[in-house]
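This report describes one protein chain for a reader who has not seen it before. The sequence and structure come first, followed by short notes under headings.

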Amino acid sequence: VFTKALLDALGPAYRDADADNDGAIGGDELVGFVTARLPALLGQAGKPADAQQPICFPRQPPRAAVVSR
């Protein structure tokens with residue numbers, strides 16, 4: 001389910017993942033999108049909303065662009 005959320009951020013939900021609308025997804029935006037998206041996806045899969053809890057290392061993800069279009 002984590003992989004689905006990640007792929008959504010990089011594909012069909014790119015604009016949603018790009019929280020500051022600068023055309024690039026930074027590490028902080030990617031972590032935020034995936035973390036927010038997981039409970040709904042887990043519910044759709046019949047799993048508890050807290051079944052997966054992503055952890056980012058370092059704890060503060062970089063703001064630099066990870067992906068840009």
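## Terms and basis

A contact, or touch, means heavy atoms within 4.5 Å. The model is predicted: local features need pLDDT of at least 70 and side-chain atom pairs count only at pLDDT 80 or more, while totals for chains, interfaces and linings use all residues. Residues are numbered from 1 along each chain as its sequence is written, and side-chain values use heavy atoms, with hydrogens and water left out.

## Overall layout

The chain holds 3 helices and 2 strands, in the order α-α-β-α-β along the sequence. Helices (H or I, at least four residues) and strands (E, at least two) are DSSP runs, numbered from the N terminus.

The C-alpha trace spans about 35 × 25 × 15 Å along its principal axes. The radius of gyration is 12 Å, which agrees with the value near 11 Å for a compact globule of 69 residues; it is taken over C-alpha atoms, and the globule rule is 2.2 Å times the number of residues to the power 0.38. Of contacts between residues at least 6 apart in sequence, 66% join residues at least 24 apart.

## Core

Of the 69 residues, 29% are buried. Buried means under 20% relative accessible area, exposed over 50%, and partly exposed in between (1.4 Å probe, protein chains only). A nonpolar core is a set of buried Ala, Val, Leu, Ile, Met, Phe, Trp, Tyr and Cys residues joined through side-chain atoms within 4.5 Å.

The largest such core has 12 residues: Ala5, Ala9, Ala13, Tyr14, Ala17, Ile25, Leu30, Phe33, Val34, Leu38, Leu41 and Leu42. At least two of them come from each of helix 1 (2-10), helix 2 (14-17) and helix 3 (27-44). Helix 3 contributes the most, with 6 residues.

One member of this core is Ile25. Leaving aside residues up to four places away in sequence, Ile25 touches Ala9, Tyr14, Ala17, Asp18, Leu30, Ala64, Ala65, Val66 and Val67.

## Two polar residues

Asp8 lies in helix 1 and counts as buried because its relative accessibility is 7%. Beyond residues up to four places away in sequence, Asp8 touches Ala13, Tyr14, Phe33, Arg37 and Leu41.

Asn21 lies in the loop between helix 2 and strand 1 (24-26). Asn21 counts as exposed because its relative accessibility is 63%. Although Asn21 is not a glycine, it has a positive phi of about 55 degrees.
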